[in-house]
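User: Hi, I'm new to reading protein structures, and I'd like to go through one with you. Could you put it up so that we can talk about it?

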Amino acid sequence: PDINRIATQYRLDPALLHAVISAESAYNPWAVSPKGAMGLMQLMPETAADLGCRAAYDPIQNVAAGTRYFADLYRQFGDLSLALAAYNAGPGNVASFGGVPPYSETQNYVASIAGEYLSRRRKRGA
C-alpha cells in the first residue's frame, strides 16, 4: 500500500514503480549492489543524500526518494525508456548518447522493466 500511495503522490503508475522495485531489489529493503546502491530502489549514497533520504534502508524513505528521482527523470526525458535508462546509467549518459546508452546492462534493464510493467498492466486490466 505504501508503494502505491507514493507512486500516486508522484503521478506514476503504481505498476511501474512495482516493476522498478522488483528489478532493483526484489523487494529486499536491505539489498546492496556491488557498486554500493542501497535499499528497495537501490539509491547510491550520494543520490540518497541529495534527495534528503537520511536512512536509505528505511523502505518508506527509500521509495519516496527513489520515486521522486525517477519522476524527475521521467519529466526531464519525457519518455519511459529514457527515464529508465537514466535511472540505471545516469542522466548524463542518456543525454550524452542522445538516447539509451549502448551498455548491455542498461539496454537489458530498460527492456526487462518495460516488459514487467506491461505484464503488470495487463494483469490489472489496464
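Analyst: Here we can go through the core, some of the helices and a few single residues, keeping in mind that this is a predicted model.

User: How many residues does the largest nonpolar core have, and which ones have the most contacts inside it?

Analyst: The largest nonpolar core has 38 residues, and those with the most contacts inside it are Leu16, Val20, Val63, Phe70, Leu84 and Tyr87. At least two residues of this core come from each of helix 1 (2-9), helix 2 (14-25), helix 4 (59-77), helix 5 (80-89) and helix 7 (104-124).

User: Take Leu84 then, what does it touch?

Analyst: Not counting residues up to four places away in sequence, Leu84 touches Val20, Phe70, Tyr109, Val110, Ile113 and Ala114.

User: And its helix, why is helix 5 described as largely enclosed?

Analyst: Of the 10 residues of helix 5, 8 are buried, so helix 5 is largely enclosed by the rest of the structure. The buried ones are Leu80, Leu82, Ala83, Leu84, Ala85, Ala86, Tyr87 and Ala89. The cover over these buried residues includes helix 2, helix 4, helix 6 (91-97) and helix 7.

User: What caps the N-terminal end of helix 5, and what comes just after the helix?

Analyst: At the N-terminal end, Asp79 acts as the cap of helix 5, with a side-chain oxygen 3.0 Å from the backbone nitrogen of Ser81. Just after helix 5 comes Gly90, which takes a positive phi of about 100°.

User: What about Leu82, which residues is it in contact with?

Analyst: Leu82 lies in helix 5, and, if we leave aside neighbours within four places in sequence, Leu82 is in contact with Phe77, Val94, Gly99 and Val100. As for distance, Leu82 and Arg121 are 39 residues apart along the chain, and their C-alpha atoms are separated by 20 Å.

User: Switching topic, at what angle do helix 2 and helix 4 cross?

Analyst: In general, two packed helices are described by the angle between their axes and the distance between the axes. For helix 2 and helix 4, the axes come within 12 Å and cross at roughly 115°. That makes helix 2 roughly perpendicular to helix 4, and the crossing is right-handed.

User: Which residues meet there, between helix 2 and helix 4?

Analyst: From helix 2, Leu16, Leu17 and Ile21 meet Val63, Thr67, Phe70 and Tyr74 of helix 4. Leu16, Val63 and Phe70 are also among the residues with the most contacts inside the largest nonpolar core.

User: Now Thr106, is that one buried or exposed?

Analyst: Thr106, which lies in helix 7, counts as buried because its relative accessibility is 2%, and the cut-off for buried is under 20%. Leaving aside neighbours within four places in sequence, Thr106 is in contact with Ala85, Asn88, Ala89, Val100 and Pro101. Thr106 and Leu84 are 22 residues apart in sequence, while their C-alpha atoms are 8.4 Å apart in space.

User: One last residue, where is Gln61 found, and what does its side chain reach?

Analyst: Gln61 is found in helix 4 and is partly exposed, with a relative accessible area of 32%. The side chain of Gln61 reaches the backbone nitrogen of Ala55 at 3.0 Å. Apart from neighbours within four places in sequence, Gln61 is in contact with Cys53, Arg54 and Ala55.

User: How far apart are Gln61 and Tyr109?

Analyst: Gln61 and Tyr109 are 48 residues apart in sequence and, from C-alpha to C-alpha, 23 Å apart in space.

Methods: Residues are numbered from 1 along each chain as its sequence is written. This is a predicted model: local features need pLDDT of at least 70, side-chain atom pairs count only at pLDDT 80 or more; totals for chains, interfaces and linings use all residues. Side-chain values use heavy atoms; hydrogens and water are left out. A nonpolar core is a set of buried Ala, Val, Leu, Ile, Met, Phe, Trp, Tyr and Cys residues joined through side-chain atoms within 4.5 Å. Buried means under 20% relative accessible area, exposed over 50%, partly exposed in between (1.4 Å probe, protein chains only). Helices (H or I, at least four residues) and strands (E, at least two) are DSSP runs, numbered from the N terminus. Contact means heavy atoms within 4.5 Å. A polar contact is a pair of N or O atoms within 3.5 Å; within protein, one must be able to donate a hydrogen and the other to accept it, and residues adjacent in sequence count only if both atoms are side-chain atoms. Axes are lines fitted to C-alpha atoms, for helices over the stretch in contact, and angles run from 0 to 180 degrees between N-to-C directions. Angles under 35 degrees count as roughly parallel, over 145 as roughly antiparallel, 65 to 115 as roughly perpendicular and the rest as oblique. A crossing is left-handed if the near helix is turned anticlockwise from the far one by less than a right angle, and right-handed if clockwise.
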